[in-house]
Amino acid sequence: MPLNPQVKAEVIKNIIKYEKKINHFYLDSQGYVTTGVGHMIKNKQAATLLPMNKVVNNQPGPPATPLEKQKELKR
């Protein structure tokens with residue numbers, strides 16, 4: 001059964017509040033590459049589909065290319 005949109009919005013808000021939203025790739029507690037609010041990146045192809053930007057002077061910069069996203073997964 002799908003969640004009521006208001007309930008879904010509240011759940012997302014609370015997850016961000018307690019879990020934080022991380023706007024770059026990181027390893028979760030199980031060692032999986034993840035971004036956002038626990039969004040696991042299954043493979044390099046999945047990473048290329050995500051809208052991500054380069055960081056310039058600690059601010060969002062121009063969009064990252066698919067190759068740049070894939071290279072970031074190797075770290």
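Tutor: Helices (H or I, at least four residues) and strands (E, at least two) are DSSP runs, numbered from the N terminus. This is a predicted model: local features need pLDDT of at least 70, side-chain atom pairs count only at pLDDT 80 or more, and totals for chains, interfaces and linings use all residues. Residues are numbered from 1 along each chain as its sequence is written, and side-chain values use heavy atoms, without hydrogens and water.

Student: Which strand gives the most to the lining of the largest pocket?

Tutor: A pocket is an open set of points on a 1 Å grid over the protein atoms alone, where a 1.4 Å probe fits, with protein on both sides within 12 Å along at least five of seven lines. Lining residues have an atom within 4 Å of a point. Among the elements that each supply at least two are β2 (33-36) and α3 (66-73). With four residues, the top giver is β1.

Student: Which residues are closest to the centre of the largest pocket?

Tutor: The lining has 23 residues. Closest to the centre are N23, H24, F25, M52 and N53.

Student: Which strands are the edges of the open sheet of three strands?

Tutor: Two strands pair if DSSP finds at least two bridges between them. The order is β1-β2-β3, with antiparallel pairing. Pairing on one side only marks the edge strands, β1 and β3.

Student: Is K42 buried or exposed?

Tutor: K42 sits in the loop between β3 (39-40) and α2 (44-49). Buried means under 20% relative accessible area, exposed over 50%, and partly exposed in between (1.4 Å probe, protein chains only). The relative accessible area of K42 is 69%, so K42 is exposed.
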